[in-house]
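Work through the exercises below with the sequence and the 3D structure open. Try each task before reading its solution.

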Amino acid sequence: MNKLSKKRVNKRLFFNYIQMLVKSLGGNNARHKSIRGLLFFLISILTNIPTILFSQADSIETKKKFWSNKSISVSYQNGYIFPTNIFLRGQNASVKQLDDYQSLSLRFITQTTGENMWEQLFNYPRWGIGLNISDFNNSIEIGRPIALYAFLNAPFVRWENSSFNYELAFGLSTNWKSFNPVTNQYNVAIGAPFAFFIDAGLNYRFAISKQFDLEAGFSLTHFSNGALKVPNFGINTIAPKLSVIYNLQERPEFIERPMPKFKPHFEWEFSTFAGLKNLVFSEPVQADIIEQYEGLFFPVFGLSATLNRHVSRKSRFGLGANFLYNSTANAQDVAIKAINSDDFDPITGSLGDKTQISLFLSYELVMNRMSLIIQPACYIYRKKTTDQTPIFHQRIGLKYSITDNIFVGITLRDYSFRVSDFIEWSVGYRINGNKK
């Protein structure tokens, strides 16, 4: 059988697997039919990419090299929505709890081979970009959001034809029907037409042929705009995931080389950050209903200092302090005092009124120049105000090292592990300790 015939057979096999996947949707209602139709449309495009790319005789080796170690996948999920706010619990137009959803995800994947040290260190992970389409069974009030995201899928354990993996994804979603006090007043989950997409999960992947893999697992997904626009109680889901992967070329050989010894050392990190926080006033302040619920945007900014112990190539542990100027700190109190007053200045207040200091523990998962940061924190100084957030909070973010010393980052400050406070955009400088 020649190469062209093999590709045609593989394409037919891919469609057979997709048909099996589609049967899991079940039902003949409009919701399921729309997902099935979209699935077949997108699969027909993706499965024709290799034929289009490799149909020309000229530059075939160049194209083959470019597309080596690449694959495409289709994933389906049907799962549960956590009832974390009144909208999801049933205070909506349908007057029923929103507790189930389904999603379809398409991915373009690169398999690392060990050309760089970090690839071998993380057991030859896969990374790429994906497109996710979600259906929460309430398109009138929520919409059908579409997310574009980047992801990393790395093995805990790898065997000859299979692997047990963890997966992280981060992106941006749109096509929401967001909160509107007149036309969509119940949807307090999503306050803007966009939201961040965060996904984490576990899965088991195994090869079923030379070019096909199956992957089964589950993931937790979070949608939120980081309180850039309130209300923003977010949507959190959990669901099993089934994926079909089509490898565009033969499976690669992994490069393995001796790993240089790592010398643990201390590091100081100093950074400055800034962001915006949207605040909707609980009392009327000389505004109509639209202005009332659009609220005002307040600046937040500050400094952060962290002492880290870089214990391995993968991990940093540390502790630090955060100094924050939060201009929303007493804005509600000022608004209450200024009811029916034309002289309303929500940023009124002394430096002491708006300064907040917190301490935090820090963990970083270091992957080449990228880091995932997790920092449980608590406030040790702040003035008591109306509608104050809890003392204990979390900072979760991503950091990218431009050089060995200079880094930039994005961090979400939240509380109760599910409610966003605001987003910090940061730039910082690292002082490496003695590595001897």
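## Exercise 1: Pairing in the first barrel

Task. Which residue of β7 is the bridge partner of Asp199, and how do the strands around β7 pair?

Solution.
Step 1. The bridge partner of Asp199 in β7 is Thr221.
Step 2. This is a predicted model, in which local features need pLDDT of at least 70 and side-chain atom pairs count only at pLDDT 80 or more, while totals for chains, interfaces and linings use all residues. Residues are numbered from 1 along each chain as its sequence is written, and side-chain values use heavy atoms, with hydrogens and water left out.
Step 3. Helices (H or I, at least four residues) and strands (E, at least two) are DSSP runs, numbered from the N terminus. Two strands count as paired if DSSP finds at least two bridges between them.
Step 4. Strand β6 covers residues 194–207 and strand β7 residues 212–224; they are antiparallel, with 12 bridges. The hairpin that joins β6 to β7 has 4 residues.
Step 5. On to β8 (residues 235–247): β7 is joined to this strand by 12 bridges, again antiparallel. Here Gly217 stands opposite Lys241 in β8.
Step 6. β5 and β6 also pair in the antiparallel sense, over 13 bridges. Within that pairing, Tyr166 has Leu202 in β6 as its bridge partner.
Step 7. These strands belong to a barrel of 8 strands that closes in the order β1-β2-β3-β4-β5-β6-β7-β8. From one strand to the next, the twist averages 25° (axes are lines fitted to C-alpha atoms, for helices over the stretch in contact, and angles run from 0 to 180 degrees between N-to-C directions).

## Exercise 2: The second barrel and a buried glutamate

Task. Which strands form the closed barrel that starts with β9, and which side chains make polar contacts with that of Glu424?

Solution.
Step 1. The order is β9-β10-β11-β12-β13-β14-β15-β16, 8 strands with antiparallel pairing.
Step 2. As one example, β10 (residues 296–310) and β11 (residues 315–326) share 11 bridges. Arg309 has Phe317 in β11 as its bridge partner.
Step 3. Glu424 lies in strand β16, residues 419–432. Its relative accessible area is 1%, so Glu424 is buried (buried means under 20% relative accessible area, exposed over 50%, partly exposed in between, with a 1.4 Å probe and protein chains only).
Step 4. The side chain of Glu424 makes a polar contact with the side chain of Arg395 at 2.5 Å and another with the side chain of Arg413 at 2.8 Å. A polar contact is a pair of N or O atoms within 3.5 Å; within protein, one must be able to donate a hydrogen and the other to accept it, and residues adjacent in sequence count only if both atoms are side-chain atoms.
Step 5. Leaving out residues up to four places away in sequence, Glu424 touches residues including Phe273, Asn322 and Thr411 (contact means heavy atoms within 4.5 Å).

## Exercise 3: The largest nonpolar core

Task. Which residues touch the most other members of the largest nonpolar core?

Solution.
Step 1. A nonpolar core is a set of buried Ala, Val, Leu, Ile, Met, Phe, Trp, Tyr and Cys residues joined through side-chain atoms within 4.5 Å.
Step 2. The largest core has 22 residues, and Phe87, Phe136, Trp176, Ile190, Phe223 and Ile235 touch the most other members.
Step 3. Two or more residues each come from α4 (86–89), β2 (100–111), β4 (143–158), β5 (162–176), β6 and β8. The most come from β4, with 3 residues.
Step 4. Another core lies apart from this one; it has 7 residues, among them Trp118, Leu152, Ala154 and Leu365.

## Exercise 4: An aromatic pair

Task. How are the rings of Tyr124 and Phe254 arranged, and which parts of the chain does the pair tie together?

Solution.
Step 1. Rings of Phe, Tyr and Trp (its six-membered ring) pair if their centres lie within 6.5 Å; planes under 30 degrees apart count as stacked, over 60 as edge-to-face and the rest as tilted.
Step 2. The whole structure holds 18 aromatic pairs. Tyr124 and Phe254 form a stacked one, with 4.4 Å centre to centre and 15° between the planes.
Step 3. Tyr124 is in the loop between α5 (117–121) and β3 (126–135), and Phe254 is in the loop between β8 and β9 (265–279), so the pair ties together parts that are 130 residues apart in sequence.
Step 4. Tyr124 counts as buried at 7% relative accessibility, whereas Phe254 counts as partly exposed at 33%.
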